[in-house]
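Let's take a walk through this one together, starting from the inside and working outward. Have the viewer open as you read.

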2 protein chains.
Amino acid sequence: MNTEQNAVNQTQHQNSEGNQSGPNDSGNSEREFKQVRASMHSAITLNKTEVLDDVLNNFSEGYFSLSHENRRNLLLVLAREYDLDRSQVRELIKQCLGLDLPSDKAQVSGPEEDSLFSSFYRIERNLRHALKPVYEDLFDRLNTHPGGLRFLSNLRADILSILAEENIASLRALDSYLKEKLSTWLSPAALELHQITWDDPASLLEKIVAYEAVHPISNLLDLKRRLGTGRRCFGYLHPAIPGEPLIFIEVALLKDVAQSIQDVLWDSPPIPETEATCALFYSISSTQPGLAGINLGKFLIKRVITLVKREMSHISTFATLSPIPGFMQWLLSKLASQTLLAEADMSQQLADGSSSTFYENILNPEEEEALMGLPKDNVDGTNGMEVMFNLLTSKSYKWIHSPEFLSVLKKPLMRLCARYLLQEKKRGKALDSVANFHLQNGAMVERINWLADRSEKGLSQSGGIMVNYVYSLEHIEEYAHSYFTNGEIHASPVLHHYVEVMASA
Amino acid sequence: MNTEQNAVNQTQHQNSEGNQSGPNDSGNSEREFKQVRASMHSAITLNKTEVLDDVLNNFSEGYFSLSHENRRNLLLVLAREYDLDRSQVRELIKQCLGLDLPSDKAQVSGPEEDSLFSSFYRIERNLRHALKPVYEDLFDRLNTHPGGLRFLSNLRADILSILAEENIASLRALDSYLKEKLSTWLSPAALELHQITWDDPASLLEKIVAYEAVHPISNLLDLKRRLGTGRRCFGYLHPAIPGEPLIFIEVALLKDVAQSIQDVLWDSPPIPETEATCALFYSISSTQPGLAGINLGKFLIKRVITLVKREMSHISTFATLSPIPGFMQWLLSKLASQTLLAEADMSQQLADGSSSTFYENILNPEEEEALMGLPKDNVDGTNGMEVMFNLLTSKSYKWIHSPEFLSVLKKPLMRLCARYLLQEKKRGKALDSVANFHLQNGAMVERINWLADRSEKGLSQSGGIMVNYVYSLEHIEEYAHSYFTNGEIHASPVLHHYVEVMASA
């Protein structure tokens, strides 16, 4: 469900807007709340022709003026007081139970079947309508109101940020309903793929600068480079949210699949486009936190590949240079828990010499030896995993500046990273969100790159390792299919080799 | 519901495609049917990533190759064998009945309420999903498939043409569901207003020629005139149906509100645009019979008015010159039934001298006298209504060529036309579909025009009378509201005067 939510980086611009408390916050907040609540009530309950643009504008402007606390309260009112007429539902389902269900549909056909089922059609239709929460009207009305779709996206961003703090059943039901509605409205059929260039309006380009969160854009010159020779940028736009791509992807045209992000960001000057053989997707950013969980990216990559291939038939490789956002978190918790188990083992000194069933030394003997062989004045730990944990969590990543540490850490980090990408799963899917995103789109894991992103963020997420996923045109559908049906992850021999070394250790 | 379905003219281009029987129709039709049925089954039941573009293409191409009869059978299979799992629904509603419904929601609030309702949220959500027919998957998949939305619109056109012949409950349920889905996908937020000009691609302009059904476009020169000086044309486009407006409206810039369609179509040369004070909507055509009943026009007129006003602030009057498609049908059936009742009255010679309660002479004495005074060698009838009926239904509209007939008919026809527009209703709304369309958009009835459309179609629909509806900027919302809530029809004093004459007669 949440693949893309985590897979692509999302900024929180809207939310900052939301948390502003006006200067007269404490004095007027109760009165303000009541006003907005009244305008929300009007927007929902007035009949269709009465719901003028004014009412909806009042409501959305009023909403934005509320404090975080008041927004929360208002959303709870919406979720609880504008859901279903449960007694009406009950009445209809009693009617439905009163109908005789034909035991086998195949026994009757033609006009007899039709008259038999016509009561079902009627009651089922009524029941479907009765099960629609009243707040659907508000969503529908806002959707057809200028600026309303963007407002709904902001509203959902607020709901998600509240749910991240407290789990409220009614609010979760509201969110799930709103998410379904947004998915329908933002179906790929309604999205337009737009190539973003230096000729686009500054108001659109500033959005790219604001929302590019994978590799931040430092200034206008940087932006111009990303739209210039040897580069492409594509975005999905929705007619109701003009001038602001919902998601965009940046592409570099290169001779080879890049091994480090510095190669991409600082290859000055870029090679002539005619010499390029590889299109590298080096950044995908979605701009609307309120659209989390709605897969906007799926069709994007396929369509961009088609467009690039059409323009430049000499491009034969389509690959990514991607972060591995969950690797360090997984590794550190693994190291910490195993270290604890190791200590427990030691203290218990089990009589039969067997170790705890949960204990697993995730290092192989060679790696263990190398880690324990480090000079003790610099590192701390009673076993390899503890040493590794302490090194990786040391202040300002001191390991990155020491050739000795680097040479000892490289082997286990690369091997465990391959294991993480290829073998660690959640509900049958890759544990890493970006991996899951690309694998479900039909990519394969091609290569992992040591010290490919030395930025603070790169080090904290994945120890500086980045991964190339490759989209092989003739296998996209096949790979997507086998991943979807049985979680099979396609990878290059090099990647498999890392993991086999592990298995034999 | 069906306002726009009838309000705007719809051509049947798609259907002609559908009725083509292939050369090998009789020989292969059974085998073809089975193939298409199998591809439809795959398109519905394969899991998401297996539903490749190929499967959907196979199905839609296969569908178009089927004969009318086989399409009908296939649609019945879809409607009957891919609807609901009724035993699952039954199971869920039993679960739902098992829950205690709190008597008053206001009594509990906060966390207690939430835990109380969380079972409801879960079961209601499951029930909502269980009530979705299986064929929704086919619709959803086609919607995200290139060309799929257009295909669904053609599919629905077929369904509607079958339902026009036979009322099949399962097919009606299918239609109602598909219509709801299409309404969502074609929400105004997803539609783009586009000014159609001579600079548009010929492939788009040929659609305008093909679909303009109100006042057919005879040749390229005619088209060029309708897009040239003193004219505007606007259309709604959907990104998934590129190059083909779903609905379009033609506007003439004039000095005064035109009284006849000839004034609009043949005002050669048009006046300079700076001298115009009136924007006259003289034609609205929708292009997709499969979108019947989905109100695409509502926001169109409002948005076009805003655009025109912005470009030319000297335009102060926004009006239509519209057909009255239902007038003759209503009048002739009224005349026929009253004539029959009159004869029955005569033959019964009721003892007390009272006439039948259902009998109403819709002519006033003056009109009756004038009609009966016509020379008997040319007309036939024992009373005014019979004479009128016979005149109006005479071969090749002979009344239109006779100054004598015209002078006698004008008064009753104009008066009864005003009555038809202002007083004849169905479920509280104007009986005439075009009247209902404009009134619900907030227009008023301004003027009816004698001999405003002498074309065959104009004479057969409305005896050549046309009507001007006026959109008064400051009253649009108010009029739409009072029409919506209590069916109030706003009209000019002239129109009211016609009707009052009637009342006093």
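In this predicted model, the largest nonpolar core takes in 257 residues. If you want a place to start clicking, go for A:Trp399 and B:Trp399, the residues with the most contacts inside that core. Who does A:Trp399 touch, once residues up to four places away in sequence are left out? There are leucines, namely A:Leu391, A:Leu392, A:Leu406, A:Leu409, A:Leu413 and A:Leu459. There are also the aromatic residues A:Phe405 and A:Trp450, and then A:Ser394 and A:Gly463. Apart from the largest core lies another one, of 17 residues, and B:Ala258, B:Leu265, B:Leu280 and B:Tyr479 are among them.

Now zoom out to chain A as a whole. Its secondary structure adds up to 22 helices and 10 strands. The chain has 505 residues, and 54% of them count as buried. As for how the sequence folds back on itself, take the contacts in chain A with a separation of 6 or more: 74% of those are between residues 24 or more positions apart. On the outside, chain A has an accessible surface of about 22,100 Å², and carbon and sulfur atoms account for 52% of it.

Last stop: how do the two chains relate? Turn chain A by 180°, shift it 0.1 Å along the rotation axis, and it superposes on chain B with an RMSD of 0.1 Å. That's the relation of a two-fold axis. The interface fits in here too: 100% of the interface residues of chain A are also interface residues in chain B, so the copies meet through the same surface.

Key: Residues numbered from 1 in each chain as written. Chains lettered and ligands numbered in written order. Predicted model: local features only at pLDDT ≥ 70, side-chain atom pairs only at ≥ 80, totals over all residues. Heavy atoms only, no water. Least-squares fit on C-alpha atoms with pLDDT ≥ 70 in both. Contact = heavy atoms within 4.5 Å. Core = buried A, V, L, I, M, F, W, Y, C linked by side-chain atoms within 4.5 Å. Buried < 20%, exposed > 50% of the residue type's maximum accessible area, 1.4 Å probe, protein only. Helix = DSSP H or I, 4+ residues; strand = E, 2+ residues; numbered from the N terminus. Areas by Shrake-Rupley, 256 points an atom, 1.4 Å probe, with all protein chains shown as cover.
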